[in-house]
Amino acid sequence: MQAGGAAASMAVALDDATVAFGIADNRIYTAVEKATLRVADGEFVAIVGPTGCGKSTLLNVAAGLLAPASGAVRIFGQPLGGLNAQAGYLFQADALFPWKTALDNVAIGLEIAGIARDAALARAQDWLTSVGLGAFAGRYPHMLSGGQRKRVGLAQVLIRNPKILLMDEPFGPLDAQTRQVMGNLLLDLWSRDRKAVLFVTHDLEEAIALADRVVIMSAGPGSRIIGDWKVPLPRPRDIFEVRLDKEFHALHREIWSVLKDEVMKGYAQSAGMGAAS
Amino acid sequence: MTRPVLLLCQVLVAVVVIGLWHLLTTVPVFGRILLPPFFFSNPWDVGSQIYSWFASGIIWKHLGITLLESVLAFVIGSTLGVLIGFWFARQPRLAAIFDPYVKMANALPRVVLAPIFALWLGLGIWSKVALGVTLVFFIVFFNVYQGVKEVSPTVLANGRMLGMSERQLMRHVFWPSALSWMFSSLHTAVGFAVVGAVVGEYLGSAAGLGYVIQQAEGTFDVAGVFAGMFVLSAFVIAIDILVTMVEKRLLVWKPVASEGRS
C-alpha cells in the first residue's frame with residue numbers, strides 16, 4: 001500500500017516515527033506510533049483521520065516543531081535536526097501578527113531574511129494581489145474576515161518560496177463556500193511551481209479534491225497510518241466540479257469504508273474518556 | 001443618545017451640583033445655613049481663587065513642577081517596568097526566585113515610603129519622582145510580564161517557521177505584544193504617576209499642586225483647598241485626553257471592542 005520511492009529523493013520522509021508526550025502523573029501519551037510517510041517533490045499529499053488522531057502531530061514533526069521519540073525524519077534526504085527551514089507552515093489557528101498590516105505580515109518573511117524593506121514590500125504587494133487582496137494591504141488582521149486572513153497567511157508563507165508546504169486544517173474554521181474558493185486558490189497557486197504539500201484535514205472530500213494521494217490515520221492514541229490511496233483525477237481540477245465526477249465518488253466510498261470505522265472508534269473513545277472522568 | 005445631548009446632560013450635572021453647593025452655603029434653610037462656608041467655602045470664592053491664581057500666573061509654576069514630576073515618574077517607572085518585566089518573563093527561574101519579594105514590595109502601601117524618599121533624596125522633585133516610580137513600575141511590570149508570557153503559541157510558532165532568530169522573535173513578536181499590554185495600562189500608569197507626585201508634594205515640598213493644597217489646608221483656607229482640587233482635576237483630565245490620543249495612534253491594530261485588560 002505504501003507509495004514507494006527511495007527515501008533520499010523524497011521531500012519529506014518519516015520512518016517509523018513515534019511521538020509521545022509526558023502527561024499528568026508521569027504517564028506517557030503516545031500520539032503517533034511508527035508512522036512511515038513519504039512525500040515526493042511536487043506531490044500533494046493529504047492526511048485524513050478522525051479528531052485527535054495525531055494528524056497535526058505528524059505535521060509538527062515534519063516541520064521540526066516536535067522531535068519524534070524514535071524513528072527518523074529526513075527532508076530531501078537530510079536528517080532533520082531543529083526547525084525545517086525548507087518548509088512553510090500554514091496554521092489552523094490565526095497566526096498572523098496582529099500588530100502588523102496585511103502588507104507587513106506578508107513582507108516580514110523577506111525582511112527577516114535580510115531583503116531591503118522597499119523590495120520586500122513591493123513583492124508582498126504582488127503576493128497580496130495574487131491572493132486577491134491587493135486592495136487590503138493597509139488593513140490589520142482584525143479588520144479582515146476569516147477567509148481573508150487565510151489568504152494573507154497563504155501569501156505570508158508562499159512569499160518565502162518554501163520547497164515544502166505544510167498545512168494544518170488551514171481552511172477548517174471557514175464556511176463551506178469559502179473553503180471551496182480557498183481550495184481552488186490553493187490549487188491555482190500550487191500548479192505554478194508544484195511544491196511538495198502535506199495537507200492535514202478531517203474532511204475526506206476536501207482531501208480527495210485537492211490531493212494526489214490521500215493517507216488515512218487510525219484513531220488515537222497510538223495512531224498509525226492505515227491506508228494510502230492515489231487519486232487518479234486529472235489536473236487541473238476545479239473543486240466545484242471534481243465532486244461531481246464518478247471516479248471521485250468511487251474513491252470516496254472506498255476510503256470512507258475504512259475511515260468510518262476509525263471515526264466511530266474515535267468517538268467511542270472520547271465518549272469513554274468523558275464517562276471515566 | 002447623541003453627542004450634543006450627552007454633553008448637555010453632563011454640563012447639567014455640574015450646574016446642579018454647583019448650584020446646590022451655592023444655595024446650601026449662602027441661603028439659610030429653616031434659619032440656618034446647612035453647609036457652613038468655613039468648612040465648605042462657596043463656588044464664588046473658589047472660582048475667584050482659581051482666577052487669581054491664573055491671573056497672577058503663580059499656579060503655572062506649581063503645575064509645571066507637578067507635570068515634570070509626573071512625566072519623570074512615568075518615564076522612569078515604565079522604562080524599568082518594561083525592561084524588568086521583559087527580563088523576568090524570559091527568565092522563569094529568575095522570576096521564581098524574586099516572586100515573593102516582588103509581591104511583598106507591591107503589597108506595601110507606597111505612601112509609607114514617602115518620608116524615606118524625602119530623607120534620602122531631599123525635598124526637591126526627586127523624592128516625588130521616586131514615589132511615582134514605585135507606583136508606576138509595578139503596574140507596567142505586571143502587564144509587560146503577562147504580555148510576554150501570554151504571546152499566542154501559534155503566532156510564536158509562525159514566527160519560528162518564517163525563519164525568525166531569537167532576536168527577531170524579540171523584536172517582531174515579544175516586544176509588540178509586551179508593548180500592547182503596557183499601553184493598555186497606560187491610563188492607570190499615568191494616573192498613578194500624578195498620584196505619586198501630588199502625594200509626595202503634599203507630604204513635604206516647596207512647590208507643586210500638592211504643596212498648594214497643603215499650604216491652603218494649613219491656614220484653614222478651604223477655598224484654596226477646593227480650588228487646588230479643581231485645578232488638579234482639570235490637570236488630570238487634560239493628561240487623560242492626551243493619553244487617549246496617543247493610545248488611539250499606537251493601538252490602531254487592536255479591535256475596537258477590546259477586552260478590558262487594564
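In β5 of chain A, P79(A) is the bridge partner of R74(A). That pair is a small way into a predicted model in which chain A carries an open sheet of 4 strands and another open sheet of 6 strands. Chain B is another story: 12 helices and 0 strands. Here's the rundown, starting with the sheet that holds the R74(A) pair.

**The antiparallel sheet of chain A**

- R74(A) and P79(A) are bridge partners, and the strands involved, β4 (residues 70-75) and β5 of chain A, run antiparallel with 2 bridges joining them.
- Zoom out and you get an open sheet of 4 strands in the order β2-β1-β4-β5 (chain A), with antiparallel pairing.
- The edges belong to β2 (28-40) and β5 (78-79) of chain A, each of which pairs on one side only.
- Helix α1 (residues 55-63) of chain A lies across β1 (10-22), β2 and β4 of chain A, and its direction makes an angle of about 120° with β1(A).

**The mixed sheet of chain A**

- The open sheet of 6 strands goes β6-β7-β8-β3-β9-β10 (chain A), and its pairing is mixed.
- At the edges sit β6 (87-90) and β10 (225-230) of chain A, each pairing on one side only.
- From one strand to the next, the twist averages 15°.
- Strands in a sheet pair through backbone hydrogen bonds, in either a parallel or an antiparallel sense.
- β7 (residues 164-168) of chain A runs parallel to β8(A), with 5 bridges between them; one of the matched pairs is I164(A) with A196(A) of β8(A).

**A closer look at β3(A)**

- Strand β3 (residues 44-48) of chain A has β8(A) and β9(A) as its neighbours in the sheet order.
- With β8 (residues 196-201) of chain A, β3(A) pairs in the parallel sense over 5 bridges, and there A46(A) stands opposite F199(A).
- With β9 (residues 213-217) of chain A, the pairing is again in the parallel sense, over 4 bridges, and I47(A) stands opposite V215(A).
- How many residues of β3(A) are buried? The count is 5 of its 5 residues, so to speak a mostly covered strand by the cut-off of 20 or more other C-beta atoms within 10 Å.
- In a regular strand, side chains alternate between the two faces of the sheet.
- Both faces of β3(A) are covered, with F44(A), A46(A) and V48(A) buried on one side and V45(A) and I47(A) buried on the other.

**Domains of chain A**

- Chain A splits into domain 1 (7-86 + 164-276) and domain 2 (93-161).
- Their C-alpha centres lie 26 Å apart.
- Where they meet, 9 residues of domain 1 of chain A are in contact with 6 residues of domain 2 of chain A.
- On the domain 1 side, the largest share comes from helix α5 (residues 176-193) of chain A, with 4 residues.
- That side is made up of 8 nonpolar residues and 1 polar one, with no charged residues.

**Chain B on its own**

- What is the secondary structure of chain B? It comes to 12 helices and 0 strands, so to speak an α-α-α-α-α-α-α-α-α-α-α-α run from the N terminus on.
- The domain assignment gives domain 1 (1-40) and domain 2 (42-250) of chain B, and 33 Å separate their C-alpha centres.
- Chain B has a radius of gyration of 23 Å, whereas a compact globule of 262 residues would have one near 18 Å.
- Along the principal axes, the C-alpha atoms of chain B fill a box of roughly 80 × 55 × 35 Å.
- Buried residues account for 34% of the 262 in chain B.
- Take the contacts in chain B between residues at least 6 apart in sequence, and 75% of them join residues at least 24 apart.

**Where the chains touch**

- The contact between the chains takes 20 residues from chain A and 15 residues from chain B.
- On the chain B side, the elements giving two or more residues are α8 (153-161) and α9 (166-184) of chain B.
- α8(B) provides the largest share of that side, 6 residues.
- By type, the chain B side divides into 8 nonpolar, 6 polar and 1 charged.

Terms used:
Residues are numbered from 1 along each chain as its sequence is written. Chains are lettered from A and ligands numbered from 1 in the order in which they are written. This is a predicted model: local features need pLDDT of at least 70, side-chain atom pairs count only at pLDDT 80 or more; totals for chains, interfaces and linings use all residues. Two residues are in contact if their C-beta atoms, placed from the backbone, lie within 7 Å. Ala, Val, Leu, Ile, Met, Phe, Trp, Tyr, Cys and Pro count as nonpolar, Asp, Glu, Lys and Arg as charged, and the others, Gly among them, as polar. Domain bounds come from an automatic or database domain assignment. The radius of gyration is taken over C-alpha atoms; the globule rule is 2.2 Å times the number of residues to the power 0.38. A residue is buried if 20 or more other C-beta atoms lie within 10 Å of its own, exposed if 12 or fewer, and partly exposed in between; C-beta atoms are placed from the backbone. Two strands pair if DSSP finds at least two bridges between them. Axes are lines fitted to C-alpha atoms, for helices over the stretch in contact, and angles run from 0 to 180 degrees between N-to-C directions.
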